[in-house]
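Please open the structure in your viewer and keep the selection tool at hand. The tour below proceeds stop by stop, stating what to select and what is found there.

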Amino acid sequence: MSNIIRPALSLLVLMTLITGVAYSLVVTGVAQVAFPDQANGSLVHDASGKVRGSSLIAQDFTGDGWFHPRPSAAAFATVSSGANNLAPSNPALAARIMDDAAKLYMPNQGAVPMALLTTSGSGLDPHLSPAALAYQVPRVASARHLSVQSLEDLISANTETSLVGPPVVNVLALNTALQQGRVAAR
């Protein structure tokens, strides 16, 4: 019996060391060398060096002086990230969207963009379309006493394009640029 158990336990220990320890160390080492920013969370620091967030994860901005991200089904908490799993026919989802649309509606701006009313699959998408941000420009311009054109220029400067997919803007990067005063006053 021991001639069966001993090799099995030895193999278990060996495979644990290979797959659980050695593999993890190799992957972490390669990530630190090849992609150090991403491996360390793509953290965004302010001028004093304090961490303000991650460029990969949305965070909530409230108040009229900030560009707001899309809603989060997880209340911007990374532990419980995910969709709300409400079907389009669910009355609770329809009520939430109608309520949010009423809060966000601005006269003479047209319909509220769907990106400002619907959540992403993870609930933590840090990007918005330039159109969804353009809808917010009058509110932010009024609250910060800035020109509409200067905010539109700031959105353009922060717009990211890729080979696949539409252009997007990272809301944290945009609000960081806004906070750092990279926009001209009226």
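**Stop 1: Arg70.** Select Arg70 together with Phe76, Ala115, Thr118, Thr119, Ser120, Asp125, His127 and Leu128, with which Arg70 is in contact when its neighbours within four places in sequence are left aside. The model in view is a predicted one. Arg70 is found in the loop between S2 and H3. Is Arg70 buried or exposed? Its relative accessibility is 15%, and a residue counts as buried under 20%; Arg70 is therefore buried. Next, add Ala31 to the selection: Arg70 and Ala31 are 39 residues apart in sequence, and their C-alpha atoms are 30 Å apart in space.

**Stop 2: Ser72.** Move along the chain to Ser72, in the loop between strand S2 (51-54) and H3. At 16% relative accessibility, Ser72 counts as buried. Which residues does Ser72 contact, leaving aside its neighbours within four places in sequence? They are Thr119, Gly123 and Leu124. Thr119 is also among the contacts of Arg70.

**Stop 3: Phe61.** Now select Phe61, whose place is likewise in the loop between S2 and H3. Phe61 has a relative accessible area of 13% and is buried. Not counting residues up to four places away in sequence, Phe61 touches Trp66, Phe67, His68, Pro69, Val171, Leu172 and Asn175. Take Val171 from this group: Phe61 and Val171 are 110 residues apart along the chain, yet their C-alpha atoms are separated by 9.1 Å.

**Stop 4: Helix H3.** Select residues 91-104, which form helix H3. How many ångströms should the 14 residues of H3 span, at 1.5 Å a residue? The expected span is 20 Å, and the end C-alpha atoms of H3 are 20 Å apart, so the two values agree. Colour Leu93, Ile97, Asp100 and Ala101, the buried residues of H3. These residues cover an arc of only 100 degrees around the axis, which puts them on the same side of H3. In general, an α-helix has 3.6 residues a turn, so residues three or four places apart point the same way. Then turn to the other side of H3, where Pro91, Met98, Ala102 and Lys103 are exposed.

**Stop 5: Helices H4 and H5.** Display helix H4 (residues 130-144) with helix H5 (residues 148-157). These two helices pack at an angle of about 150 degrees, and their axes are 9 Å apart. The crossing in which H4 passes H5 is right-handed. To view the contact, show Pro130, Leu133, Ala134, Val137, Val140 and Ala141 in H4, which meet Val148, Leu151, Glu152 and Ile155 in H5. By character, the residues of this contact divide into 9 nonpolar, no polar and 1 charged.

**Stop 6: The two sides of H5.** Keep H5 in view and colour Ser150, Leu151, Leu154 and Ile155, which are buried. Seen down the axis of H5, the buried residues fall within an arc of 145 degrees, so they line one face of the helix. What covers them includes H4, strand S4 (159-160), strand S5 (168-170) and H6. On the other side of H5, select Ser156 and Ala157, which are exposed.

**Stop 7: Val183.** Continue to Val183, in the segment after helix H6 (171-179). At 17% relative accessibility, Val183 counts as buried. Leaving aside its neighbours within four places in sequence, Val183 is in contact with Leu146, Ser150, Leu151, Leu154 and Leu178. Of these, Ser150, Leu151 and Leu154 are among the buried residues of H5. Select Gln149 as well: Val183 and Gln149 are 34 residues apart along the chain, with their C-alpha atoms separated by 9.6 Å.

**Stop 8: Two positive phi values.** Go to His145, in the loop between H4 and H5. His145 has a positive phi of about 60 degrees although it is not a glycine. At 55% relative accessibility, His145 counts as exposed. Finish at Ser42, in the loop between helix H2 (36-39) and strand S1 (43-45). What is the phi of Ser42 near? The phi of Ser42 is near 50 degrees, a positive value in a residue other than glycine. Ser42, at 4% relative accessibility, counts as buried, whereas His145 counts as exposed.

Definitions and conventions
Residues are numbered from 1 along each chain as its sequence is written. This is a predicted model: local features need pLDDT of at least 70, side-chain atom pairs count only at pLDDT 80 or more; totals for chains, interfaces and linings use all residues. Side-chain values use heavy atoms; hydrogens and water are left out. Axes are lines fitted to C-alpha atoms, for helices over the stretch in contact, and angles run from 0 to 180 degrees between N-to-C directions. Helices (H or I, at least four residues) and strands (E, at least two) are DSSP runs, numbered from the N terminus. A crossing is left-handed if the near helix is turned anticlockwise from the far one by less than a right angle, and right-handed if clockwise. Contact means heavy atoms within 4.5 Å. Ala, Val, Leu, Ile, Met, Phe, Trp, Tyr, Cys and Pro count as nonpolar, Asp, Glu, Lys and Arg as charged, and the others, Gly among them, as polar. The expected span of a helix is 1.5 Å times one less than its number of residues. Buried means under 20% relative accessible area, exposed over 50%, partly exposed in between (1.4 Å probe, protein chains only). The arc is that of the directions from the helix axis to the C-beta atoms.
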